[in-house]
Amino acid sequence: MGLCGENDFNKFALLLAVVFLAGCNAAPQDEVSIRSAEVGFAVKAEPARSEQPKELEQAKAAEKEKPAAKPKSKQAANPINELNQPGIAPETLSIPSIGLEADVTHLGVTDSGEMAVPDNGEELSWFSPGYQPGQRGRAVIAGHVDDLDGPAVFWDLTELKPGDEIVVSGDDRELRFKVHTMESVPLDLADVDSVFGYHSSPELVLITCSGTYDYDRGTREERLIVYASLVKE
Amino acid sequence: MKKLSVSLVAVLVLFSLLASLVMADEHGDMAKVRVLHASPDAPAVDVYVNGDLTLEEVPFKTDSGYLEVPAGTHDVEVFAAGTEYAAGEGVLQADLEVEAGKAYTVAAANLLESIEFVVAEDSMEVTEGQAKIRVGHLSPDAPAVDVGIIGGDALFSGAEFPSITDYAEVDPGTYDLEIRLPDGTQVLPLEGTELAADTVYSVFAVNTVDSLEVIALVDYEAAASPDEMPTTGLGTPEQSQSMWLLIGGALFLVAASGLVWRKRFQ
């Protein structure tokens, strides 16, 4: 019985070694490229963005309460001034669903025109010449997927699911965004103007590296891009 | 059950293929379109684009925000909310041609009995440090109006229904504006209007003249973008890594077979 077990173990060990060898031959163990190979989703946008109904309902309710108050019901506040939607200069970012909490630095572009990133794997960087989180448009925050020691701040970004919450804080305010789209885009196909571009409502965009490593270019072939929309308080 | 799961997988694969096609499209030639409900007596509407329900229950005085659509011609059709779709049966239909990189406002205007589309191209640029504004006259029974500084010059003169003016670029700041008749009679005051730098505004006069009101929208806010995406990996997967694993595997194999051999010779 004991012998038999040992024999089995030997066979198993042999098998394991062979499998191990075969596996190694087939694919190098580059976990970033494995993790980002099959990612991507897009939640269909809600059919209509209607900013006014809530106010409209409130106005209607108010009218009901005070039927004789304002028969002409002209707008009290200047509707142009209600468009004012200031953002924040982000200081910290957290994503509870993947246990991420990080400080956010403010950076611009590198000499070669790339969005600049921190020189370490712990911090994130906000593209400060672009849109502020909370302002209409796409505010972009980037972080490294790995550093010299292994996984970095955005290592688990591929784990995000639709609806996950991203919390950005700064200027004594806290903004909540909900993840709606994730895609891994080949570097040459990335539409930079769109990723950093104007949008009718505030969006937050997170970027990290994905895909297989291109030794010639010295960077990964793709970028993982996560889009989230502002949750109205 | 197995059959079901197989076909499910097939469907999923198909969907992801479609999704990747759509995504690839997004990086090509897209245009921006927003829809505005400006017909005072029309019910909330559903908007179909090329037969697909795209906007649902859009009430009067509401806009959709910019939607990304591929450049080209699109069949845009408007139905009273909840109406079953039938091609060509909508209260309003148009073949809308949109160009890549451009943005458009599509307003459903006029009273329901003579509802019509008013389409304008929106500006996606502004001189640095300046503000840009235009007005749309979408109040079906209101006369031609001017929009200008109270007691001062008109910014826009003789705007008639249904039309959207060209943009005027102004210094950012606070303006006491008004909508007035060409003879100077005030129709609607817009005092203390703050126009921010690097921002493009559209201000639409809507509803009937006896309850005239204004919808204000931001068309664009300028901000910088880089030329290239960031380089967001400090690590480099070691090219020799697989070699080490190979050697490790080989050693393991030798050790394991050693065990087997020892077994045999015992």
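**Exercise 1. In this predicted model, decide whether strand β7 (residues 103-109) of chain B is mostly covered or mostly exposed.**

Step 1. Apply the cut-off: a residue is buried if 20 or more other C-beta atoms lie within 10 Å of its own.
Step 2. Count along the strand. In β7(B), 6 of the 7 residues are buried.
Result: β7(B) is mostly covered.

**Exercise 2. Find which strands pair with β7(B), and in which sense.**

Step 1. Take strand β1 (residues 30-38) of chain B. It pairs with β7(B) in the parallel sense, over 7 bridges. Arg34(B) stands opposite Thr105(B) of β7(B).
Step 2. Take strand β8 (residues 116-122) of chain B. Its pairing with β7(B) is antiparallel, over 7 bridges. Here Ala108(B) has Phe117(B) as its bridge partner.
Step 3. Look at the hairpin of β7(B) and β8(B). There are 6 residues between the strands, and Asn110(B) takes a positive phi near 75 degrees.

**Exercise 3. Locate the largest nonpolar core relative to domain 1 (30-122) and domain 2 (124-223) of chain B.**

Step 1. List its best-connected members. The core has 52 residues; those touching the most other members include Ala107(B), Ala108(B), Leu138(B) and Ala205(B).
Step 2. Ask which strand gives the largest share. Strand β16 (residues 199-206) of chain B does, with 6 residues.
Step 3. Check the domains. Both give residues to this core, so the core lies between them.
Step 4. Follow one member. Leaving out residues up to four places away in sequence, Ala205(B) touches nine listed residues, among them Val135(B), Leu138(B), Ile179(B) and Val214(B).
Step 5. Keep the second core apart. It is separate, has 44 residues, and includes Met115(A) and Trp155(A).

Note on methods. Residues are numbered from 1 along each chain as its sequence is written. Chains are lettered from A and ligands numbered from 1 in the order in which they are written. This is a predicted model: local features need pLDDT of at least 70, side-chain atom pairs count only at pLDDT 80 or more; totals for chains, interfaces and linings use all residues. A nonpolar core is a set of buried Ala, Val, Leu, Ile, Met, Phe, Trp, Tyr and Cys residues joined through C-beta atoms within 7 Å. A residue is buried if 20 or more other C-beta atoms lie within 10 Å of its own, exposed if 12 or fewer, and partly exposed in between; C-beta atoms are placed from the backbone. Helices (H or I, at least four residues) and strands (E, at least two) are DSSP runs, numbered from the N terminus. Domain bounds come from an automatic or database domain assignment. Two residues are in contact if their C-beta atoms, placed from the backbone, lie within 7 Å. Two strands pair if DSSP finds at least two bridges between them.
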